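Grab your viewer and work through these exercises one by one. Try each task before you read its solution.

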2 protein chains.
Amino acid sequence: MPSIAVCLSPELARLQDFRDKVAVVVDVLRATTTMVTALHHGVKSVLPVKSVEECRHFQQKGYFGAAERGGKIVDGFKLGNSPFDYMTPELAGQKIVFTTTNGTKTIHAIHGTDKIIFGAFVNLKAVAETLTRLEKNVVIVCAGWEDEVNLEDTLFAGTLLDRMVPAFYPTGDPAILAHQLYLRSEGKLSVILEDSSHMRRLRKLGLQKDIDFCLTLDRYNCVPEMVNGEISL
Amino acid sequence: MPSIAVCLSPELARLQDFRDKVAVVVDVLRATTTMVTALHHGVKSVLPVKSVEECRHFQQKGYFGAAERGGKIVDGFKLGNSPFDYMTPELAGQKIVFTTTNGTKTIHAIHGTDKIIFGAFVNLKAVAETLTRLEKNVVIVCAGWEDEVNLEDTLFAGTLLDRMVPAFYPTGDPAILAHQLYLRSEGKLSVILEDSSHMRRLRKLGLQKDIDFCLTLDRYNCVPEMVNGEISL
């Protein structure tokens, strides 16, 4: 029976053995939700980069640049980290270069996996089906917030884990912790997340609409995967 | 109103601002439970050191040496990390030098606090009363297991936090996560901890008696504190 582990923050990624496993990267608010949304709406690929400078560099090479820091679009960019930015037909078929506060850093903390896929509540069911089909050991890697453990990604990990048991078995205390958080939520995501730091941060920025979108289950039936440094379907 | 934060692992300690705060170090299974027990039973002080070599060094200087690695007493030492080792009159008035897998490492990860005290389920009420009296901002620092987040220390953090609200307010997602884990447990510690990695590790070593002891609430009315590198009452 394959196992399912949880890495609660990129800061803890060095403690994981990723070899031959499938990594599911999650940054619910909002990077992976936005990636899934963009690719569903026809974006060709997403190139995650660490710095705003790299983002500018690829923008000059013909990519559409998307840059977010602290929840806001970086000056000089038209696209940020809101899923609603990516529903326009203008972006269909385009390549995006994307830098976000926590999401891209998380990808770069993963080494040696068999496969890296991207999950959020909006594609939860599709991710669960993919993992079931692959039948390999899984690590869910939470992006957190500036290296700290956060609630929404931990809750996603617990929710996904709940869909995978008993065909997969949870391994390690962080997996049990995430699952208990899900069981405590009784499926009411927003109740548990009411006091989360990032929810409050986004709400202050007037992004309640984004939050509601990010907490919707199973909106899209697609699973982004990273191949040769770029993310596509 | 003072705040109460939770650091889920020493690996995440660099993300905390400890200045002017009271740090509560917890390593439920078993280092802090054992320290509290030892001091309650008359041990004069406990000197935490990182390595077995340092432990030997201080043993030669007249300390009673206690060394544990991976749940077992290190060869050449008579004392390990079981609270039952420390209930003997032979140790009353003695100074102990102590090295454990995770506990001492955690202490060394804390910098700049106003005060460092030590908590476990066995002295939960006494710790809560001390914090209430001090009226300062608090960080609960979980020892975890080999830098990974663990269940029992997170559950302790949530239980202590539950005793402190509403006079203290939880700050940051790890604090909310720990509190939700406590609320999920509904006060039944052993149910939540049933599958914890370290419980299983200790059980394999035949230490169920130690586990039961470590999960007993409010057995001792004392709060160890670190002063000039040594821990005493």
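**Exercise 1. The A–B interface**

Task: In this predicted model, how many residues of chain B are in contact with chain A, and which elements of chain B give two or more residues to that side?

Solution:
- Start with the count: 23 residues of chain B are in contact with 23 residues of chain A.
- Next, sort the chain B side by element. Helix H5 (151-164) and helix H6 (173-185) of chain B are the ones that give two or more residues.
- Now rank them: H6(B) gives the most, with 8 residues.
- Finally, split the chain B side by class, and you get 11 nonpolar, 6 polar and 6 charged residues.

**Exercise 2. Two helices in chain B**

Task: Is helix H4 (residues 124-134) of chain B parallel, perpendicular or oblique to H5(B)?

Solution:
- A word on the approach: a pair of packed helices is described by the angle between the axes and by the distance between them.
- For H4(B) and H5(B), the angle is about 50 degrees and the axes are 10 Å apart.
- Angles under 35 degrees would be roughly parallel and 65 to 115 roughly perpendicular. The angle of H4(B) to H5(B) therefore counts as oblique.
- For handedness, the crossing of H4(B) and H5(B) is right-handed.
- Then look at who touches whom. On the H4(B) side you'll find Leu124(B), Val127(B), Ala128(B) and Leu131(B), and they meet Thr159(B), Leu160(B), Arg163(B) and Met164(B) of H5(B).
- By class, that contact of H4(B) with H5(B) has 6 nonpolar, 1 polar and 1 charged residues.

**Exercise 3. Chain A as a whole**

Task: What do the radius of gyration and the globule rule say about how compact chain A is?

Solution:
- Take stock of the secondary structure: chain A has 9 helices and 11 strands.
- Compare the two radii. The radius of gyration of chain A is 16 Å, close to the 17 Å that the globule rule gives for 233 residues, so chain A is as compact as a globular protein of that length.
- Check the extents too: along its principal axes, the C-alpha trace of chain A spans about 45 × 35 × 30 Å.
- Then burial: 54% of the 233 residues of chain A count as buried.
- Last, contact range. Of the contacts in chain A with a separation of 6 or more, 80% are between residues 24 or more positions apart.

**Exercise 4. Around Leu217(A)**

Task: Where is Leu217(A), and which residues is it in contact with beyond its neighbours within four places in sequence?

Solution:
- Locate Leu217(A): the loop between helix H9 (208-214) and strand E10 (225-227) of chain A holds it.
- Classify it. Leu217(A) has 13 other C-beta atoms within 10 Å, so it is partly exposed; the exposed class stops at 12.
- List the contacts. With neighbours within four places set aside, Leu217(A) is in contact with Phe121(A) and Leu124(A).
- Add a distance: Leu217(A) and Asn123(A) are 94 residues apart in sequence, yet 6.9 Å apart in space, C-alpha to C-alpha.
- Follow Leu124(A) onward. In H4(A), Leu124(A), Val127(A), Ala128(A) and Leu131(A) meet Thr159(A), Leu160(A), Arg163(A) and Met164(A) in H5(A).

**Exercise 5. Backbone oddities in chain A**

Task: Which residue does a cis peptide bond join to Arg30(A), and which to Pro166(A)? And is Asp20(A) buried or exposed?

Solution:
- First cis bond: Leu29(A) is joined to Arg30(A), with omega about 5 degrees. Arg30(A) lies in the loop between strand E2 (22-26) and helix H1 (31-40) of chain A.
- Second cis bond: it runs from Val165(A) to Pro166(A), with omega near 5 degrees. Pro166(A) is in the loop between H5 and strand E9 (169-170) of chain A.
- Now phi. Asp20(A), a residue other than glycine, has a positive value near 65 degrees. Asp20(A) is found in the loop between strand E1 (3-7) and E2 of chain A, and it counts as exposed, with 11 C-beta neighbours inside 10 Å.
- Asn228(A) also has a positive phi, near 50 degrees. Its loop is the one between E10 and strand E11 (230-232) of chain A. Asn228(A) is exposed, with 6 other C-beta atoms within 10 Å.

Methods
Residues numbered from 1 in each chain as written. Chains lettered and ligands numbered in written order. Predicted model: local features only at pLDDT ≥ 70, side-chain atom pairs only at ≥ 80, totals over all residues. Contact = placed C-beta atoms within 7 Å. Nonpolar A, V, L, I, M, F, W, Y, C, P; charged D, E, K, R; others polar. Axes fitted to C-alpha atoms, helices over the stretch in contact; angles between N-to-C directions. Parallel < 35°, antiparallel > 145°, perpendicular 65-115°, else oblique. Left-handed = near helix turned anticlockwise from the far one by under 90°. Rg over C-alpha atoms; globule rule 2.2 N^0.38 Å. Buried ≥ 20, exposed ≤ 12 C-beta atoms within 10 Å, placed from the backbone.
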